[in-house]
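Subject: Structure for you to look at

Hello,

Here is the structure I promised to pass on. Please open it alongside this message. My notes follow below.

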Amino acid sequence: MKFSELGLKDELLKAIKRSGFEEATPIQEQTIPLALAGKDVIGQAQTGTGKTAAFALPILQNLDKHNKVIQALIIEPTRELAIQTQEELFRLGRDENARVQVVYGGADIGRQIRSLKNHVPAILVGTPGRLLDHLKRKTINLENVNTIVLDEADEMLDMGFIQDIESILSYVKNRKQTLLFSATMPKPILNISEKFMNNPEIVRIKTKELTADLIDQYFVRAKDSEKFDIMCRLIDVESPDLAVVFVRTKRRVDEVTRGLQARGYNAAGIHGDLTQARRLTVLKRFRAGKLDILVATDVAARGLDISGVTHVYNYDIPQDPDSYVHRIGRTGRAGQNGSSITFVTPNEIGYMRTIEQLTKKKMTPLRPPSDDQALRGQLKVAKSKIEEIMKEDLSKYTDDANELLENYSAVDLVSAFLKNLSKDSSNVEVKISSEKPLPYKGNGRGGRGHYSRGRNSRGYRGDRNRSRGNYRGGHSRRSGNGRNFIIKNKKG
Ligand SMILES: Nc1ncnc2c1ncn2[C@@H]1O[C@H](COP(=O)(O)OP(=O)(O)OP(=O)(O)O)[C@@H](O)[C@H]1O
Ligand SMILES: [Mg+2]
């Protein structure tokens, strides 16, 4: 369906066009008219299908530009996601000069307060902890907020956040509309949500599978100690454009990142113990394609929209099946293809089955590539690099090249060049400290609710504390069969 049929203003249609969106996605088509009509909505649709614009556009449409009060509040689980959402709102609302501001922890609160005072935003985006800080200091006033959005609603209403959300809601005295969005919406959370919503319309984009259609899902059986080498070989063979590697602990983020760097990969890590500035810098470099591999805990699992992520590696299988859906959803977005590869140790097979029961999709077994296949993969990359170099002006090297050719054969010289260009570093030994594997679990779901989710710092909850153990927490093309909608992709 065309956006123009949804009853949106010209200014918004212009911004949509500028964003390169050609048609509304199913979740947009079905929720935008409801939200415009002022209804409460629960929207569930696969990752990467444009849920942000689904709530952003109706909010922008209904703003009263002349009223200098906060009219809409959007709550996000992580700082990075809050920033990203603010940017999307800003992009879509630019023609209307919509005032949007973001508040999140780890950033100077004094500066946020000054900015909120000088320039009251019409739309405020924030993380729960920092929003509460501002509310307690009375530096924001939510009494005129009409619309509240809980993005990643199931996460926001789960044990780690629910109290904060309830406190925030108590400040929104005249709330007229509540919008909930997520790719996953387990039943118990749906029940909680009814408590504070007003006859919500539930829009569920029915698809055969819970995971995005465009992601090819694989698993590799491996012992914990084998994972690192296998992953490096897989990266060599598959040569991802951009890849996200999810691991279980912060220590693992650091170790896997260092290991990848030692082997010549362009990788950096992100987790909750890093300063906010560092987290943002890493993410910025990854978005700009200056980093090839992002190693992360679940802090990066939800909502992040980075175009060009072709591969997600679950170095450690997630304990929570919903987390799997969100993690792999960092690829296969907005009509692009993607692959996910999940490492499963022998006693974690039960976790894999639980995930498959939730997603209704079986992962395809993948055999680890041999060293030779990995080298072939590297050489393929090296050869395309050579082709790139050949396009440059090489005249100043001719004399030395001729000198070398007098002493060595052309084949030997090219071989040396290839050796130099391919990072044959499998001999660089990397040791990743072992982590306790997830406890044995038989078949069957039932993980949800059996463990507590905690938060390690205010407003931030990427790495979860679990109650059990010390757990903290070549591109395949698909025919398109089984997809029941297509996102028209942005150009470029
Ligand atoms: N109608 C559309 N056509 C094409 N691209 C779109 C459309 N709507 C949104 N997009 C783009 O699709 C990408 C994914 O959108 P978004 O981040 O809102 O997904 P999501 O459904 O919220 O995913 P997640 O569940 O991971 O949070 C973004 O880059 C967005 O700009
Ligand atoms: Mg989202």
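Strand β8 (residues 215-221) and strand β14 are joined by 2 bridges and run parallel. Look at F219: its bridge partner in β14 is P365. Please keep in mind that this is a predicted model.

Both strands belong to an open sheet of 7 strands with parallel pairing. The order is β10-β11-β9-β12-β13-β8-β14. Which strands form the edges? They are β10 (267-270) and β14 (364-365), and each of them pairs on one side only.

Two helices on these strands deserve a look. Helix α11 (residues 250-262) lies across β9 (242-246), β10 and β11 (293-296). Its direction is at about 170° to β10. Helix α13 (residues 321-328) also packs on the sheet. It touches β8, β9, β12 (309-314) and β13 (338-344). The direction of α13 makes about 150° with that of β12.

Now the other sheet. This one is also open, with 7 strands and parallel pairing, in the order β3-β4-β2-β5-β6-β1-β7. Why do β3 and β7 each have a side without a neighbour in the sheet? β3 (100-103) and β7 (201-204) stand at the edges with a single partner strand each, so one side of each is left open. On average, neighbouring strands here are turned by 15° against each other, direction ignored.

Inside that sheet, β2 (residues 72-75) runs parallel to β5 (residues 147-151), and 4 bridges join the two. One residue to find is A72, whose bridge partner in β5 is T147. Helix α4 (residues 79-93) lies across β2, β3, β4 (123-126) and β5. It runs at about 175° to β3.

Next, ligand 1. How many residues surround it, and which come nearest? There are 20 around the ligand, and F21, G50, K51, T52 and A334 come nearest. Helix α3 (residues 51-61) gives the largest share of the shell, with 3 residues. By class, the shell has 6 nonpolar, 9 polar and 5 charged residues. Two domains contribute: domain 1 (3-205) and domain 2 (209-368 + 426-478) each supply at least three residues to the shell.

Last, the start of the chain. UniProt lists residues 1-29 as "short sequence motif: Q motif", in an unreviewed entry. An unreviewed UniProt entry also places "domain: DEAD-box RNA helicase Q" at residues 1-29. In the model, residues 1-29 are 45% helix and 0% strand. The end C-alpha atoms of that stretch are 7 Å apart.

Best wishes

How values were computed: Residues are numbered from 1 along each chain as its sequence is written. Chains are lettered from A and ligands numbered from 1 in the order in which they are written. This is a predicted model: local features need pLDDT of at least 70, side-chain atom pairs count only at pLDDT 80 or more; totals for chains, interfaces and linings use all residues. Two strands pair if DSSP finds at least two bridges between them. Axes are lines fitted to C-alpha atoms, for helices over the stretch in contact, and angles run from 0 to 180 degrees between N-to-C directions. Two residues are in contact if their C-beta atoms, placed from the backbone, lie within 7 Å. A residue is near a molecule or strand if its C-beta atom, placed from the backbone, lies within 6 Å of it. Ala, Val, Leu, Ile, Met, Phe, Trp, Tyr, Cys and Pro count as nonpolar, Asp, Glu, Lys and Arg as charged, and the others, Gly among them, as polar. Domain bounds come from an automatic or database domain assignment. UniProt positions are given in the numbering used here, feature names are shortened, and annotations may be inferred rather than shown by experiment.
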